[in-house]
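Here are a few notes to read alongside the structure. Keep it open while you go through them.

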Amino acid sequence: MKHLENLLWIDLGSKDDYRLHFGDTPITRLIRKIVGLDRQAAMVEFSRFLDII
């Protein structure tokens, strides 16, 4: 999470830039939206992963 924050808020722009374009959208929600994975689908896949390990 810290790496994503640094990438978005330092390397690519500022926290103000992020808010200007994405409002109060949490970074995790933005990433899920970009890759097309909704929260429920992510939880299902993570649960499957935990069952394997």
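1. Is L37 buried, partly exposed or exposed? First, a caution: this is a predicted model. L37 counts as partly exposed, because its relative accessibility is 34% and the partly exposed class runs between 20% and 50%. You'll find L37 in the loop that links α3 (27–35) to α4 (39–52).

2. Now look at what L37 belongs to. Together with I31, I34 and V35, L37 makes up a nonpolar patch on the surface, and the four share about 360 Å² of accessible area. Just after α3 comes G36, with a positive phi near 80°.

3. Turn to the buried side of α3. Its buried residues are I27, L30 and R32. They pack against α1 (2–11), α2 (15–22) and α4.

4. R32 deserves its own point. This helix α3 residue is buried but has no salt bridge. Its nearest side chain of opposite charge is D38, 7.1 Å away; a salt bridge would need a side-chain nitrogen within 4 Å of a carboxyl oxygen. Leaving aside residues up to four places away in sequence, R32 touches L37, D38, R39 and A42.

5. So where are the salt bridges? The count comes to two. One joins K2 and E5, at 3.8 Å from N to O. These two sit about one helical turn apart, because they are three residues apart in helix α1. K2 is exposed, with a relative accessible area of 57%.

6. The other pairing is R48 with E45, whose closest N and O atoms are 2.9 Å apart. Here too the spacing is three residues, this time in helix α4, which means about one helical turn. E45 is partly exposed at 42% relative accessible area.

Definitions and conventions. Residues numbered from 1 in each chain as written. Predicted model: local features only at pLDDT ≥ 70, side-chain atom pairs only at ≥ 80, totals over all residues. Heavy atoms only, no water. Patch = residues over 30% accessible without salt bridge, like charges linked within 9 Å, V, L, I, M, F, W, Y side chains within 5 Å. Areas by Shrake-Rupley, 256 points an atom, 1.4 Å probe, with all protein chains shown as cover. Helix = DSSP H or I, 4+ residues; strand = E, 2+ residues; numbered from the N terminus. Buried < 20%, exposed > 50% of the residue type's maximum accessible area, 1.4 Å probe, protein only. Contact = heavy atoms within 4.5 Å. Lys, Arg positive; Asp, Glu negative; His and termini not counted.
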